[in-house]
Amino acid sequence: MYAERLRETLPAVRERIARARERAGSGREVALVAVTKGHPAEAVCAAIDAGLHEIGENRVHELESKISALGRAAARWHLIGHLQRNKVRRALPLFDVLQSVDSLRLARELSKEAVRSARRVSMLVQINTSGEASKGGFEDRAVDAVARIAELEALGVAGLMTMAPLTGDEATLRGCFAAARRIFEQCAARVDGFEPKYLSMGMSNDFEIAIEEGSTMVRLGTVLFGERER
Ligand SMILES: *Cc1c(COP(=O)(O)O)cnc(C)c1O
């Protein structure tokens, strides 16, 4: 069922990404993370078969169950949801990229655990551009926060991630994405050790606007796999 669905949705999504890239006019590549949360392991299998090797999950236990079904090496796993500090040790072996580093305390815990397990952790710092309390991430003095995180041992800061509010209001969406992009550019110019690789922004309802505003990584679930079970 998922294989069939992707045969329809993926070409259309790729086309929409290509068009948005043209409008952005920067020539930048846009990576696609297939967000499989709320869908069974079968969805991940279908995604991998369709050539999507970057897989996003937002919960540690769901990531664990997908990995036990498919194997750690089956995909490049992105953890995109809030990570509690007491789950860092459990989560660290599971993901390739943690997209949601939303506090200095979490970053310190990650660093400590990465040193302990002789690993290097690739991560993105989450920026709260919507001002919504329900969303995580740094709001004020984000560039300073990124600088402090980038100093920590065994952490590689490969960019930023943000989530826009759930709205159809284009000006609001553009404002959020443009704000993240400004912070990204400031980090690239001023922060030692910041690798300006991924500006992860754009979900099913706003990815084209995000790309127009400079996204280099979109995280798509619904538009690829359909609605999730609640
Ligand atoms: C669920 C989720 C997505 C994907 O959302 P869709 O609207 O289904 O595309 C992307 N990013 C994060 C952080 C998410 O939690």
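Guide: A residue counts as near a molecule if one of its heavy atoms lies within 4 Å of it. Keep that cut-off in mind. This is a predicted model.

Visitor: Which residues surround the ligand?

Guide: From the lower numbers, V35, K37, I80 and M163 surround the ligand. M203, S204, R219, L220, G221, T222 and R228 do too. Each has a heavy atom within 4 Å of the ligand, so each counts as near.

Visitor: What classes make up the shell around the ligand?

Guide: The shell divides into five nonpolar, three polar and three charged residues. Gly counts as polar by the rule, so G221 goes with the polar ones.

Visitor: What makes the pair between K37 and the ligand a polar contact?

Guide: A polar side-chain atom of K37 lies 2.7 Å from an oxygen atom of the ligand. The cut-off is 3.5 Å for a pair of N or O atoms, so this pair is a polar contact.

Visitor: Why does R228 get that label with the ligand?

Guide: The reasoning has the same steps. A polar side-chain atom of R228 lies 2.8 Å from an oxygen atom of the ligand. That is within 3.5 Å, so the pair is a polar contact.

Visitor: Which part of G221 lies 2.8 Å from an oxygen atom of the ligand, backbone or side chain?

Guide: In G221 it is a backbone N or O atom. The 2.8 Å value is within 3.5 Å, so this is a polar contact.

Visitor: How much of the ligand does the protein bury?

Guide: Taken alone, the ligand exposes 380 Å². The protein buries 92% of that.

Visitor: Where does the ligand sit?

Guide: The ligand sits in the largest pocket. The label applies because more than half of the ligand's atoms lie within 2 Å of the pocket's grid points.

Visitor: What is known about that pocket?

Guide: About 1100 Å³ of space lies in the largest pocket. Of the 38 residues that line this pocket, K37, N58, M163, M203 and R228 are the closest to its centre. The elements that give two or more residues to the lining are α3 (60–70) and β8 (217–220). The largest share, three residues, comes from α3. By class, the lining has 12 nonpolar, 14 polar and 12 charged residues.

Visitor: How many cavities of 30 Å³ or more are there?

Guide: The count comes to one. The largest cavity has a volume of about 30 Å³. A probe fits there but cannot get out, so this space is called a cavity.

Visitor: Which residues line the largest cavity?

Guide: R21, A24, S26, R28, V30, I211, G214 and S215 line the largest cavity. They divide into three nonpolar, three polar and two charged.

Methods: Residues numbered from 1 in each chain as written. Predicted model: local features only at pLDDT ≥ 70, side-chain atom pairs only at ≥ 80, totals over all residues. Heavy atoms only, no water. 1 Å grid on protein atoms, 1.4 Å probe; cavity = no way out; pocket = protein on both sides within 12 Å on 5 of 7 lines; lining within 4 Å. Points joined across faces, edges and corners; volume = space filled by probe spheres on them. Helix = DSSP H or I, 4+ residues; strand = E, 2+ residues; numbered from the N terminus. Polar contact = N/O pair within 3.5 Å; in protein donor to acceptor, adjacent residues only side chain to side chain. Areas by Shrake-Rupley, 256 points an atom, 1.4 Å probe, with all protein chains shown as cover.
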